[in-house]
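Reader: I'd like to go through some labels on this model and ask what backs each one up. Can you show me the structure?

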Amino acid sequence: MKKLMILSLVLGLFSAAETVQAEGLFGFNTAPANSNFSFNNGLKMYAGASAGYAMQGNTCNLPFFEGSCEDGAMSWKVFGGARLNPMFGAELAYAQLGTAEKKGVIATQTAQVSNELAGYQLSGVAYLPINVVPNLELMGKGGAMFWERTTQETLSTNSKHSTDQGISPLVGLGAQYQLNPNLHLRGEWEHVFNTGSGSDHETDADNYSLGFMYSTL
């Protein structure tokens with residue numbers, strides 16, 4: 001149910017963006033005439049970087065485990081993309097979502113497990129200008145993450161290292177504010193479904209980030 005609600009919200013944002021492109025939000029034009037959002041010169045390229053906090057939601061749900069668990073860690077990503085028009089674009093990113101760790105006991109044996117998650121993200125992005133607040137726009141994205149999960153497990157004196165790779169759906173919501181014709185401040189939330197699918201460490205991941213983006217004129 002949660003996945004369907006998130007997907008419906010993103011699809012609704014894409015649909016609203018099409019309406020705004022024709023009519024404007026709240027009856028206003030979709031962007032100020034002197035704004036980089038107006039796109040009078042066609043294709044716009046951009047690049048940026050952000051940092052934040054990522055959570056691997058099911059990391060702590062290990063059967064028969066007792067102890068401490070930290071399912072979140074600092075995260076960072078670099079990204080770049082192109083805006084095809086004021087409403088739509090495409091984006092490629094590399095994201096490092098940090099390491100989740102737990103330490104304790106399983107059936108009286110000491111146990112320690114760490115999961116590191118990173119990968120490439122490919123997304124389509126829709127933009128929704130909010131003209132009652134100049135130079136602010138909402139954004140929604142949908143795509144996939146090509147992830148790699150590295151796990152280190154220690155049970156008593158036995159250690160095991162494994163690497164798992166896969167592709168999972170990605171959705172996201174955010175906002176960005178234009179500081180000047182080239183520089184934007186961006187904040188966003190991204191959700192990746194079922195990283196580590198088919199393993200004992202399957203989990204969704206959430207990334208909350210804040211960063212800067214540089215766009216061409």
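What follows is a short exchange about why certain labels apply in this predicted model.

Reader: Why is R83 called buried?

Author: R83 has a relative accessible area of 4%, and buried means under 20%. So R83 makes the cut. You'll find R83 in strand 3, residues 72-83.

Reader: What makes the link between R83 and E137 a polar contact?

Author: Their side chains are joined at 2.8 Å, and the limit for the N or O pair is 3.5 Å. A polar side-chain atom of R83 also lies 2.6 Å from the backbone oxygen of P86.

Reader: Why is L179 called partly exposed?

Author: L179 comes out at 44% relative accessible area. Buried is under 20% and exposed is over 50%, with partly exposed in between, so L179 gets the middle label. L179 sits in the loop between strand 7 (158-178) and strand 8 (183-195).

Reader: How do you know that L179 can belong to a surface patch?

Author: Patch residues need over 30% relative accessible area and no salt bridge. L179 has 44%, and Leu is on the list of nonpolar side chains. Its partners in the nonpolar patch are V132, V133, Y177, L185, L210 and F212, and together the patch has about 610 Å² of accessible area.

Reader: What makes K77 and E190 a salt bridge?

Author: The N to O distance is 2.8 Å, and the rule asks for a Lys or Arg side-chain nitrogen within 4 Å of an Asp or Glu carboxyl oxygen. K77 is in strand 3 and E190 in strand 8, so the pair ties together parts 113 residues apart in sequence. Both K77 and E190 are buried.

Reader: How do you know that E91 and K141 form a salt bridge, and are they buried or exposed?

Author: Their closest N and O atoms are 3.1 Å apart, against a limit of 4 Å. E91 has 3% relative accessibility and K141 has 1%. With the cut-off at under 20%, both count as buried. E91 and K141 also belong to a network of salt bridges with K77, R186, E188 and E190.

Reader: What makes D164 and R149 a salt bridge?

Author: Here the closest N and O atoms are 3.3 Å apart, and the limit is 4 Å. D164 lies in strand 7 and R149 in strand 6, so this pair ties together parts 15 residues apart in sequence. By this rule the count comes to nine salt bridges.

Notes: Residues are numbered from 1 along each chain as its sequence is written. This is a predicted model: local features need pLDDT of at least 70, side-chain atom pairs count only at pLDDT 80 or more; totals for chains, interfaces and linings use all residues. Side-chain values use heavy atoms; hydrogens and water are left out. Patches are made of residues with over 30% relative accessible area and no salt bridge: like charges are joined within 9 Å, nonpolar side chains (Val, Leu, Ile, Met, Phe, Trp, Tyr) within 5 Å. Accessible areas come from the Shrake-Rupley method with a 1.4 Å probe; for residues, only the protein chains shown count as cover. Helices (H or I, at least four residues) and strands (E, at least two) are DSSP runs, numbered from the N terminus. Buried means under 20% relative accessible area, exposed over 50%, partly exposed in between (1.4 Å probe, protein chains only). A polar contact is a pair of N or O atoms within 3.5 Å; within protein, one must be able to donate a hydrogen and the other to accept it, and residues adjacent in sequence count only if both atoms are side-chain atoms.
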